[in-house]
Protein chains: 2
Amino acid sequence: MAEGQSGESLLFLTDEQLRQGIEAMFFAYRGFTADPDRILATMAYGRAHHRAIHFIARSPGTTVNNLLNILGVTKQSLNRVLRTLIEDGLVESRQGTTDRRERHLHLTEAGAALERKLSDAQRARMRAAYRAAGPEAVAGFRQVLEAMMDPEMRRKYHAIREAET
Amino acid sequence: MAEGQSGESLLFLTDEQLRQGIEAMFFAYRGFTADPDRILATMAYGRAHHRAIHFIARSPGTTVNNLLNILGVTKQSLNRVLRTLIEDGLVESRQGTTDRRERHLHLTEAGAALERKLSDAQRARMRAAYRAAGPEAVAGFRQVLEAMMDPEMRRKYHAIREAET
DNA sequence: AGAATATGTCAGCCTTGTTGACATTCCAAG
DNA sequence: CTTGGAATGTCAACAAGGCTGACATATTCT
């Protein structure tokens, strides 16, 4: 420690501090995905299915293209996941009314049930972490995460909330 | 921290708040890995190589088993990565002196150069995010991340720092 | 009519994770 | 000194989930 130099206002920007932040992200993300991963492992699903289910639940009726933009994968990759979810009756794909080229995605009852199960597990950990750290820490957490995003991702991150009714 | 039952002290624990935190983690992690990923893509390496290089740089002379515990993958998976790094002359594997079964891992000059390149890119983003959010936000960020880790991961996270020197 | 858009699909490749089986080397306990 | 177990390495096979490229089909826009 003791990076003396000038005041302590820059202390949190030393390479060592940044490195600790990097490692904290690495280890925390493992925890972040651990609970849903355990649930998914018991079925024939993976993290990719979880992500699709999450964002369909979040924006019911979203189009394939929209989901593609949010997830940042190729349509082939997403399609493989969506196909299994539709075949298994967790997701419903409805042809658009105004533009019939589009497919609007919705969770079925079974899909919503799985979403709840995954979401509950993930939120439980988040809730425990928030509770342990306190409201002010949470505010800082959110600020740093947002600053870490690519600008387009930040847009999408906000767009999801705005799209909500 | 004021677990005040009613009132706004619980507002940050609503499902919607938690969900936003979850999405923030998702989008932020994408940004977090984006810069190193771009560099790695130009070589024949991936994120797994980055992780190995990072923790070897962090704890020079660490054993394969130790690295296995930190990374949380199978030895076969790690071995495949290590083998290419050793073949390419980025990592050196030295037989232990006291226990000659162990292999102690070190970065070569070339390995250290790549580590620096990847690390610089990742730290630059981290530094920008820290700077934008401010020291108090950073403290909160770290608190929440730490609370989100699995206990064993938290141990390892701290152990890395203690092992230093 | 023709261009552009939204979606789906086939085929093939890569990275990175998994299991299982097995060899080698070495430490340590009997 | 022998043997059991630990640490490591290696081979083979497989799966998830990324990727690219090519191509098909509707549908909509110009």
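Helix 1 of chain B gives the largest share of the lining of the largest pocket, with eight residues. This is a predicted model, so read every distance below as computed from predicted coordinates. The pocket holds about 510 Å³ of space, and 25 residues line it. Nearest its centre you'll find A:Tyr29, A:Arg47, B:Tyr29, B:Thr33 and B:Arg47. Both chains chip in here: the elements giving two or more residues to the lining are helix 1 (15-41), helix 2 (47-58) and helix 7 (151-163) of chain A, along with helix 1 (15-41) and helix 2 of chain B. Sorted by class, the lining has 10 nonpolar, four polar and 11 charged residues.

Now for how the two chains are arranged. Chain A lands on chain B after a rotation of 180° with 0.0 Å of shift along the axis, and the RMSD is 0.1 Å. That is the relation of a two-fold axis. If you want a landmark, look for A:Phe141: in chain A, its C-alpha is the nearest to the axis, at 1.8 Å. As for the interface, 100% of the interface residues of chain A are also interface residues in chain B, so the copies meet through the same surface.

On to the DNA, beginning with strand C. There are 26 residues around DNA strand C, and the ones that come nearest are A:Asn65, A:Lys75, B:Arg47, B:Arg51 and B:Arg80. Chain A supplies at least two residues of this surface from each of helix 3 (64-71) and helix 4 (75-87), and chain B does so from each of helix 2 (47-58) and helix 4 (75-87). By class, the surface splits into four nonpolar, 11 polar and 11 charged residues. What part of the strand does the protein come up against? Of the strand C atoms within 4 Å of the protein, 58% belong to sugar or phosphate, and the rest belong to bases. One base contact involves B:Gln76, where an N or O atom of the side chain is 3.0 Å from a base oxygen of DNA strand C.

DNA strand D has 25 residues around it, with A:Arg51, A:Gln76, A:Arg80, B:Asn65 and B:Lys75 coming nearest. Sugar and phosphate make up 56% of the strand D atoms that come within 4 Å of the protein. Here helix 2 and helix 4 of chain A, plus helix 3 (64-71) and helix 4 of chain B, each supply at least two residues of the nearby surface. Which element gives the most to the surface near DNA strand D? That's helix 2 of chain A, with four residues. The class split for this surface is three nonpolar, 12 polar and 10 charged.

Here are some of the phosphate contacts on the two strands, with the protein group involved in each.

| Residue | Protein atom | DNA partner | Distance |
|---|---|---|---|
| A:Asn65 | polar backbone atom | phosphate oxygen, strand C | 2.8 Å |
| B:Arg51 | side-chain N or O atom | phosphate oxygen, strand C | 2.5 Å |
| A:Gly46 | backbone N or O atom | phosphate oxygen, strand D | 3.5 Å |
| A:Arg47 | polar backbone atom | phosphate oxygen, strand D | 3.2 Å |
| A:Thr98 | polar backbone atom | phosphate oxygen, strand D | 3.4 Å |

A couple of names turn up twice. A:Arg47 has a backbone atom 3.2 Å from a strand D phosphate oxygen, and A:Arg47 is also one of the residues nearest the centre of the largest pocket. B:Arg47 is among the residues that come nearest to DNA strand C, and B:Arg47 too is listed among those nearest the pocket centre.

Definitions and conventions
Residues numbered from 1 in each chain as written. Chains lettered and ligands numbered in written order. Predicted model: local features only at pLDDT ≥ 70, side-chain atom pairs only at ≥ 80, totals over all residues. Heavy atoms only, no water. Near = heavy atom within 4 Å. Polar contact = N/O pair within 3.5 Å; in protein donor to acceptor, adjacent residues only side chain to side chain. Nonpolar A, V, L, I, M, F, W, Y, C, P; charged D, E, K, R; others polar. 1 Å grid on protein atoms, 1.4 Å probe; cavity = no way out; pocket = protein on both sides within 12 Å on 5 of 7 lines; lining within 4 Å. Points joined across faces, edges and corners; volume = space filled by probe spheres on them. Least-squares fit on C-alpha atoms with pLDDT ≥ 70 in both. Contact = heavy atoms within 4.5 Å.
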